[in-house]
Every structure is written in C-alpha cells, then in structure tokens.
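Work through these exercises with the model open beside you. Try each task before you read its solution.

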Amino acid sequence: MSMDAKEIELRAKAMTKAASSNEPPSTIIPLLKQLQQGVKATEDLLRSTRVGIAVNKLKQHKSPEVARLASEIVSKWRHEVNKQKAGASPGASQRSSSSPHPKTNGTPSGGATPSDKASKLSVPPDKRTWKADGVDTNQTGNRIRDSCIGLMYDGLCLNSVEPPRTVLSKASAVEAAAFSDLGPETKEQYRTKIRSLYQNLKNKSNPTLRVRVLNGDVTPEQFVRMSHDELRSAEQQERDRKIQKENMDKAMVAQAERSISTSLQCGKCGQRKVTYTEAQTRSADEPMTLFCTCMNCGKSWKQ
C-alpha cells in the first residue's frame, strides 16, 4: 500500500534521527524497506517530503547493507521519475505529481478515512504514546490488563513508525502472553514482568529490542520468557563479557602469600588456626599491621 506525504515525512525523519544517533543497521533497514515499498515516486512528492535527500545521504553510511539498499532505492526513484517525464505530457505529469494526497470520490488513497486514527501516525515518532496516537487500549474489559496493554504500547511505539493498529495488536499479544504465563492480573509476578518488559523496551541503549518485537523476530511468547541477559542488546552483552573476562584475569593474578600462625587466636571461635599477612599501613616507625583470617570460621580482623 502506498503511503501519503505525511507518513513518508515521518519515516524519513525517524530514519534520519536513527542514522544521526548511530543506531544499528537493524533499526534503519526496516524504515528503508518501508519507503522502498510504500513510496510511489514523483518529482514533486520527493521534493515536498525531502525523502529523496534523506535516503541519498545514507548511500555513504558505514554499513554496507544500509548503503546498498539506499542506492537501490535512489536508483529506483530516479528511474520512475525519468520515466514519468519521458512518457507523460506536461499537463498530465503536473496533475499526477502535484498532489501527494490523491483522492477518488473524496476518499483518500488506500481506502482510509480521515477519522481512521488507528492506521496513521499523527505525532512524531519520539513523542508517541497510546494517548497521543488516540488508540483504545480497552481490549480485555479488565482495568488492570488494559492498563498493562497501554504500558506495552508506550514501550513499543517509541521512535517507531509502525501504524498504531499494528503496535496495539503487538502490545495486546505481549500482554496476553504474560497473562497466560504469569496471570491472573492480581499476581505480583505478572505486574513485575510487565514493568520489566516496559523498562527494557524504553531503554535507549537497546533500540533493537523494540524493532525485533514489532517485526516478529521475537514472538510475544519468547519476549515474555526472555531472561534479563537475553533482553540486553548485543553491545551490552559484549561489554559484560569483557568486564567478566577482566575480572577473571584479575582473579588469576597470584595473591600475596599468607602465613599460618598458631599463636594468634580467633576472637569468635577461639581456634588458633589463623592465616595472616603483614603490611605497613602507618608511618615507618610504627609496627606492621596484621591482616588475619580464621581458617576455622572465616572471621577476618586486623591488629
């Protein structure tokens, strides 16, 4: 289905913002594919929405896949515009390209009506909520569950250009999966899981999670059952692995040799099996400090 000028502008802005924020290709590529399929290019439409400029800039993107797809789209649009110029009379070409909102019998293209809020975006992607999109979250007749659907919607719609109807359907499916696994809605496990999923969706350092859930790469059932580590982005997981490796390397460094004394007595258990190390923690003319650990009960102290 072809998109109108407003939808094209919103996707172009979202795509430009994702590129300028250095978001991963998995965030940009779906937007490019939507433009590739949904834009019926005319010279006036490309100029009025400036989508041609936005896509053309991505030809220099550091990701080969993004750059290749952007080049394909630009070439396709250029071919379509040149074909229109060559094959249509000036009058017909002007009539066909002058309006980005073609209508038939007073009805917008695609069969949508102006009041169909569930099929179009009315606010910028970074300002979206279920209230701003004007959707009805009363899907189950249960106040708590419907409130959770709204929370899932707010997490999924952030910076997304998917139609409100699509986001609402996915939010409802996620809530239903959580309800099936952890319900009823009065159980704390259900509410805790919904809050956790929402926080992970809103996490600015993990934008790909929203895209994966909306695109169906992660099903609602999988999403609900993902562990804390699985919900984290690949970049976050890699950072954790590096930290873990550094800690492991530090742990393998040889430790200072500890001496065993039978003259030192543990004040907790009374045993005289005590290990200790000495360190100069005071001025040079002061005696060394003993750091002691009981081998029997584990109590540590210094003297």
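## Exercise 1: Build the sheet

Task: Find how many bridges join strand β4 to strand β5, and the direction in which the two strands run.

Solution. This is a predicted model. Start with β4, residues 274-279, and β5, residues 289-294. Six bridges join them, and the strands run antiparallel. For one pair, take Ala 279: its bridge partner in β5 is Thr 289.

Next, go to β6, residues 300-302. Three bridges link β5 to β6, again in the antiparallel sense. Here Phe 291 has Lys 302 of β6 as its bridge partner.

Now turn to β3. β3 and β4 pair over three bridges, also antiparallel. Ile 260 is matched with Thr 275 in β4.

Put the strands in order. The result is an open sheet of four strands, β3-β4-β5-β6, with antiparallel pairing. β3 (259-261) and β6 each have a single partner strand, so they stand at the edges, and one side of each is left without a neighbour in the sheet. On average, neighbouring strands of this sheet are turned by 30 degrees against each other, direction ignored.

## Exercise 2: Inspect the hairpin

Task: State how many residues lie between β5 and β6, and which residue in the turn has a positive phi.

Solution. β5 and β6 form a hairpin. Five residues lie between the two strands. In the turn, look for Gly 298: its phi is positive, about 90 degrees.

## Exercise 3: Judge the cover of a helix

Task: Decide how many of the nine residues of helix α11 are buried, and which helices they pack against.

Solution. Find α11 at residues 207-215. Count residues under 20% relative accessible area. Seven of the nine are buried, and the helix is mostly covered. The buried residues are Pro 207, Thr 208, Leu 209, Arg 210, Val 211, Val 213 and Leu 214.

Then look around them. They pack against α2 (25-38), α8 (143-157), α9 (164-182), α10 (188-202), α12 (220-225) and α13 (228-231). Finish just past the helix: Gly 216 takes a positive phi of about 90 degrees.

## Exercise 4: Describe a helix pair

Task: Give the angle and the axis distance for α8 and α10, then classify the packing.

Solution. The two helices pack at an angle of about 15 degrees, with axes 8 Å apart. That makes α8 roughly parallel to α10, because angles under 35 degrees count as roughly parallel. The crossing is left-handed.

Now list the contact. On the α8 side, the residues include Ile 144, Cys 148, Leu 151 and Met 152. On the α10 side, they include Tyr 190, Ile 194, Leu 197 and Leu 201. By class, the contact has 10 nonpolar, one polar and four charged residues.

## Exercise 5: Check the loops

Task: Locate the cis peptide bond, then find where Arg 50 and Asn 159 lie and how exposed each is.

Solution. The cis bond joins Gly 183 and Pro 184, with omega about 10 degrees. Pro 184 lies in the loop between α9 and α10.

Arg 50 sits in the loop between α3 (43-49) and α4 (51-57). Its phi is positive, about 60 degrees, although Arg 50 is not a glycine. Arg 50 is exposed, with a relative accessible area of 53%.

Asn 159 lies in the loop between α8 and α9. Phi of Asn 159 is also positive, near 60 degrees. Asn 159 is partly exposed, at a relative accessible area of 29%.

Technical notes:
Residues numbered from 1 in each chain as written. Predicted model: local features only at pLDDT ≥ 70, side-chain atom pairs only at ≥ 80, totals over all residues. Heavy atoms only, no water. Pairing = 2+ DSSP bridges. Buried < 20%, exposed > 50% of the residue type's maximum accessible area, 1.4 Å probe, protein only. Contact = heavy atoms within 4.5 Å. Axes fitted to C-alpha atoms, helices over the stretch in contact; angles between N-to-C directions. Parallel < 35°, antiparallel > 145°, perpendicular 65-115°, else oblique. Left-handed = near helix turned anticlockwise from the far one by under 90°. Nonpolar A, V, L, I, M, F, W, Y, C, P; charged D, E, K, R; others polar.
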